Amino acid sequence: MIEAVVIPLDPERSVSGLWIRPENARAALVLAHGAGAGMAHKAMAATAEGLAERGVATLRYNFPYMERGSKRPDSPALAHQAVRAAVAKAGELAAGLPLFAGGRSFGGRMTSQAQAGLALPGVRGLVFFAFPLHAPGKPGVERAAHLSEIKVPMLFLQGTNDEFARLDLLNETIAGLGAGASLTLVEFADHSFHAPAKSGRKDPEVLAEALDACVDWMAENWVRSLPE
């Protein structure tokens with residue numbers, strides 16, 4: 001069952017959230033949306049529902065700009081505030097479940113920036129669905145500079161046709177982060193985890209592969225001690 005929740009940012013502002021906790025929940029993931037679609041988008045819903053089928057609770061939430069109906073993303077400071085508020089709310093709702101955080105594209109990057117600035121309380125690892133390493137057609141690694149400051153394990157779930165992450169740059173970046181960073185490549189998938197028809201792969205199959213890898217990785221990390 002999906003539960004609508006309110007996530008307070010400060011005494012005057014709040015954002016909406018959607019909480020799903022399956023009966024067999026073994027962990028919880030705070031799941032932030034990408035830049036162009038909010039928490040209720042079909043891709044976010046499919047991700048949350050797929051994780052629930054695999055025993056992972058999720059808290060999806062809107063960033064303030066999406067809550068207002070704006071197309072202009074929030075400043076990093078406000079986005080980080082929303083990440084922290086969602087993690088705090090998930091900590092209450094999860095009732096002792098091992099807690100992870102991350103999200104799709106922009107949402108994952110805002111989560112990693114927040115974690116790099118000041119460790120998110122209780123979070124054992126970060127999961128990135130299509131980390132946006134660079135803008136399409138503008139290869140670079142500047143967006144990854146903060147990742148070296150993160151002390152918890154990280155999982156990068158990336159399509160091999162993702163125009164936001166050239167594979168040689170992504171591989172080099174993740175290798176430089178050491179043993180705490182893992183990469184799972186999903187063949188033929190683009191930034192939205194869509195595979196072209198000529199690949200012979202269906203989008204549900206692509207998503208299932210990413211979610212299986214996500215849950216397997218979480219299982220390896222949810223028993224680890226929290227970083228000091």
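In the predicted model, Arg 201 counts as buried, with a relative accessibility of 12%. This value falls under the 20% limit that defines the buried class. The side chain of Arg 201 takes part in two of the contacts described here, one with Glu 205 and one with Glu 209.

The salt bridge between Arg 201 and Glu 205 has an N to O distance of 3.3 Å. Glu 205 is partly exposed, at 40% relative accessibility. In the salt bridge between Arg 201 and Glu 209, the N to O distance is 2.4 Å. Glu 209 is likewise assigned to the partly exposed class, its relative accessibility being 29%. Through shared partners, these salt bridges connect Arg 201, Glu 205 and Glu 209 in one network. The network thus includes a buried residue, Arg 201, together with the partly exposed Glu 205 and Glu 209.

A further salt bridge is formed by the side chains of Asp 10 and Arg 13, with 2.9 Å from N to O. Asp 10 has a relative accessible area of 25% and is partly exposed. For Arg 13 the relative accessible area is 41%, which also places this residue in the partly exposed class. Pairing of this kind is possible because side chains of opposite charge can pair when their charged atoms come close.

Over the whole structure, the search returned seven salt bridges. Among them are the pair Asp 10 and Arg 13, the pair Arg 201 and Glu 205, and the pair Arg 201 and Glu 209.

How values were computed. Residues numbered from 1 in each chain as written. Predicted model: local features only at pLDDT ≥ 70, side-chain atom pairs only at ≥ 80, totals over all residues. Heavy atoms only, no water. Salt bridge = Lys/Arg side-chain N within 4 Å of Asp/Glu carboxyl O. Buried < 20%, exposed > 50% of the residue type's maximum accessible area, 1.4 Å probe, protein only.
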